[in-house]
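Let's practise reading how helices pack and how a ligand is held. Take your time with each exercise, and try it before you look at the solution.

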Amino acid sequence: MTTILNIISSPRGEASISNKLSNAIIDKLLERDPSLIVKVKDLTKSPFPHLEESHLNAFFTPVEKHTEIDKIAIKHSDEAIKELMNADIIVLGAPMYNFGIPSTLKAWIDHIARAGITFKYTPDGPQGLVKGKKIYLAVATGGIYSSGQSIPYDFVVPYLKTFLGFIGITDISVIRAEGLAIPDIQEQALKNAIDNMII
Ligand SMILES: Cc1cc2nc3c(=O)[nH]c(=O)nc-3n(C[C@H](O)[C@H](O)[C@H](O)COP(=O)(O)O)c2cc1C
C-alpha cells in the first residue's frame, strides 16, 4: 500500500492555487497508480501551536521520563511524525506569505523536527532520519521567483529544500504557479504550471 500525504497550508480551500496545484499533482500520480491511498493533512483546519516551553521540555526529555504534562505536550508532534513516516509520497502545498511560508506550515515544521527521531547529530554532522520519501512542493506565489530580478527573495523553496534535506527528504520536485498577482500572467499561471509539470 503506497500512501500520499497531502499537506495543505493555504486556508483558501477550493480557491487556493497551491491546493489546485497539489490536486493536479495527486491526479497525475493517481492516473499512473490508481491504488495509491491519499491522506489529507489540512494545517489550516487544525493548526499546530507555536512552540512553547512545555513542548520543548517534552521534546528534550527521554520518553521513559515523560510526565503527564509532557505526554499531552508531545501528542501532536508524535502524531505528525507518525503520519509523515507512514507516507511514501508527500504533496506539500505552500503559498508564499510575506516572502516566507504560512505560519501554520512553519508550526508543523517545528513539531516534526525532533532530534533523535527525524534527525540526529553525528560526528560527521547532522543526519536526516526520514528516509525513502518522495516530495512534491506545490508552490504558489504572487510574484515570479524562479527567474528574473526576484530570485534572491525566494525564501520559500530554498528554505523548504534545506529543512526537508536536513530531516532526510532529498527527493524533491518543485512545481510552481507563479506570477499570480501579475496582470497578463496570472490567468495562465496555474495552467502553465500544470501543463509543464514533470511527475
Ligand atoms: C497574506 C499574504 C501574503 C502574501 N505575500 C506574498 C509575497 O510576499 N510574495 C508574493 O509573491 N506573493 C505573496 N502573496 C500572494 C500569494 O502567494 C498568492 O496569492 C498565492 O496564490 C496564495 O496561495 P493560495 O492561492 O494557495 O492561497 C501573499 C498573499 C497573502 C494572502
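Below are four exercises on this predicted model, each with a worked solution.

**Exercise 1.** Work out how helix α1 and helix α6 are oriented to each other, and list the residues of their contact.

*Solution.*
- Step 1: Two packed helices are described by the angle between their axes and the distance between the axes.
- Step 2: For α1 (residues 17–32) and α6 (residues 186–196), the axes come within 10 Å and cross at roughly 20°.
- Step 3: Angles under 35 degrees count as roughly parallel, and α1 and α6 are therefore roughly parallel to each other.
- Step 4: The crossing in which α1 passes α6 is right-handed.
- Step 5: From α1, the contact uses Ile17, Lys20, Leu21 and Ala24, while α6 brings Leu190, Ala193 and Ile194.
- Step 6: Sorted by class, these residues are 6 nonpolar, no polar and 1 charged.

**Exercise 2.** Do the same for helix α4 and helix α5: which residues meet, and what is the handedness of the crossing?

*Solution.*
- Step 1: The axes of α4 (residues 103–112) and α5 (residues 156–166) are 12 Å apart, at an angle of about 15°.
- Step 2: That angle makes α4 roughly parallel to α5.
- Step 3: Here α4 passes α5 in a left-handed crossing.
- Step 4: On the α4 side you find Leu105, Lys106, Ile109 and Ile112, and they meet Tyr159, Leu160 and Phe163 of α5.
- Step 5: The classes in this contact are 6 nonpolar, no polar and 1 charged.

**Exercise 3.** Are α3 and α4 roughly parallel or roughly perpendicular?

*Solution.*
- Step 1: Helix α3 (residues 68–86) packs on α4 at an angle of about 90°, with the axes 8 Å apart.
- Step 2: Angles of 65 to 115 degrees count as roughly perpendicular, and α3 and α4 are therefore roughly perpendicular to each other.
- Step 3: Ser77, Ala80, Ile81 and Leu84 in α3 meet Trp108, His111 and Ile112 in α4.
- Step 4: This contact divides into 5 nonpolar, 2 polar and no charged residues.

**Exercise 4.** Which residues come nearest to the ligand, and which atoms lie 2.8 Å or 2.7 Å from the ligand?

*Solution.*
- Step 1: There are 16 residues around the ligand, and Ser10, Arg12, Ser16, Ser18 and Tyr145 come nearest.
- Step 2: Look at the backbone: a polar backbone atom of Ile17 is 2.8 Å from a ligand oxygen atom.
- Step 3: For Asn98, a backbone N or O atom lies 2.8 Å from a ligand nitrogen atom.
- Step 4: Now the side chain of Tyr145: one of its N or O atoms is 2.7 Å from an oxygen atom of the ligand.

Note on methods
Residues are numbered from 1 along each chain as its sequence is written. This is a predicted model: local features need pLDDT of at least 70, side-chain atom pairs count only at pLDDT 80 or more; totals for chains, interfaces and linings use all residues. Side-chain values use heavy atoms; hydrogens and water are left out. Axes are lines fitted to C-alpha atoms, for helices over the stretch in contact, and angles run from 0 to 180 degrees between N-to-C directions. Helices (H or I, at least four residues) and strands (E, at least two) are DSSP runs, numbered from the N terminus. Angles under 35 degrees count as roughly parallel, over 145 as roughly antiparallel, 65 to 115 as roughly perpendicular and the rest as oblique. A crossing is left-handed if the near helix is turned anticlockwise from the far one by less than a right angle, and right-handed if clockwise. Contact means heavy atoms within 4.5 Å. Ala, Val, Leu, Ile, Met, Phe, Trp, Tyr, Cys and Pro count as nonpolar, Asp, Glu, Lys and Arg as charged, and the others, Gly among them, as polar. A residue is near a molecule or strand if one of its heavy atoms lies within 4 Å of it. A polar contact is a pair of N or O atoms within 3.5 Å; within protein, one must be able to donate a hydrogen and the other to accept it, and residues adjacent in sequence count only if both atoms are side-chain atoms.
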